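Hello,

Here is the structure I promised to pass along. Have a look at it first, and my notes on its charged side chains follow below.

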Amino acid sequence: MPDAIPPNLDEILDLEVKKANYFATAARENWISVISFIMFLVVWELICGLEIIGPYQLVPPSEVLTVFFEKITESSPDGARLHEHAMASLTLAFSGFIVAMLIGVPLGLLMGWYPKVNLLVRPIFDAIRPIPPIAWIPIAILWLGIGIKAKAFIIFLAAFVPCVINSFTGIRLTNPVLIRVALIYGASDFETFRKIGIPSAVPMIFTGMKLSLNAAWTTLVAAELLAASTGLGFMIQQGRRLARPDIIIVGMLAIGFLGALMSWMLTKIEARFASSRRLA
């Protein structure tokens with residue numbers, strides 16, 4: 001007598017069919033994205049080749065690619081090679097971002113957990129929060145001069161607000177049942193804050209860090225207006241002064257690539273660290 005067919009064979013086959021359809025659909029969608037990007041480059045090249053837009057306003061992607069490879073080894077016309085500009089910008093952005101994270105995250109957690117700290121700090125924070133970081137440039141020059149301290153201060157202000165807001169929100173969303181259980185079993189308020197509140201806020205803290213990093217990176221160009229001699233923002237400004245749209249576009253692409261890379265790295269760190277800290 002032949003072996004009986006497992007009762008869940010149809011379910012297994014159906015699952016396999018769904019998986020195959022999913023991967024086929026994903027492959028088609030990827031191809032659509034690739035084709036649309038290629039079409040974008042072709043249209044861009046045609047616009048420049050037909051001189052619909054002049055060479056002092058826009059250059060073709062082939063020329064941008066050529067300038068990109070030239071800037072890897074050559075310092076002209078802006079005085080530094082591409083990786084030197086990138087390192088200067090990364091140093092500046094991280095100096096402001098790290099200080100904002102070290103101050104903003106603990107401050108947001110304390111504001112969210114302790115009402116008296118919130119009452120003390122909230123009026124000042126709410127007064128400063130709506131002011132654009134760029135508006136601080138004149139007073140930053142008066143206070144700190146035109147060196148790296150003033151630039152880092154501008155980036156700090158841009159990154160500080162998201163750190164505070166997301167840390168505050170994350171700890172305020174702590175499950176009240178967990179807080180009550182901890183207090184019932186004799187935990188002090190600080191122990192509950194440290195062992196229940198902070199771990200539950202970790203996902204929102206990482207969200208705030210990613211927003212802060214994005215804010216720091218997007219403020220970079222404005223910060224490097226302060227008498228910079230290197231940096232991607234300085235490179236873009238030099239391209240504007242020299243009427244070199246190729247230099248401007250290379251700088252913009254470098255900023256976009258490095259920003260996406262840093263965001264991806266932070267997301268990977270979050271996936272490894274925050275997943276084990278999530279509380280039901």
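Let me begin with Arg-122: its relative accessibility is 32%, so it counts as partly exposed. Please keep in mind that this is a predicted model.

Arg-122 has a salt-bridge partner in Asp-126, with 3.2 Å between the closest N and O atoms. Asp-126 is also partly exposed, at 29% relative accessibility. You will find both residues in helix H4, which covers residues 115-128; they sit four residues apart, about one turn of the helix.

The pair between Asp-78 and Lys-71 has a different setting. Their side chains meet in a salt bridge, at 2.8 Å from N to O. Asp-78 has a relative accessible area of 5%, so it is buried. Lys-71 is buried as well, with a relative accessible area of 2%. Both values fall under the 20% cut-off for buried residues.

Next comes Asp-246, which forms a salt bridge with Arg-244; here the closest N and O atoms are 3.0 Å apart. What is the relative accessible area of each partner? For Asp-246 the value is 4%, so this residue is buried, whereas Arg-244 is partly exposed at 27%.

There is also a network to look at: salt bridges with shared partners link Arg-122, Asp-126 and Arg-129 together. Across the whole structure, the search finds six salt bridges, and those described above are among them.

Happy browsing, and best wishes

Methods. Residues are numbered from 1 along each chain as its sequence is written. This is a predicted model: local features need pLDDT of at least 70, side-chain atom pairs count only at pLDDT 80 or more; totals for chains, interfaces and linings use all residues. Side-chain values use heavy atoms; hydrogens and water are left out. A salt bridge is a side-chain nitrogen of Lys or Arg within 4 Å of a carboxyl oxygen of Asp or Glu. Buried means under 20% relative accessible area, exposed over 50%, partly exposed in between (1.4 Å probe, protein chains only). Helices (H or I, at least four residues) and strands (E, at least two) are DSSP runs, numbered from the N terminus.
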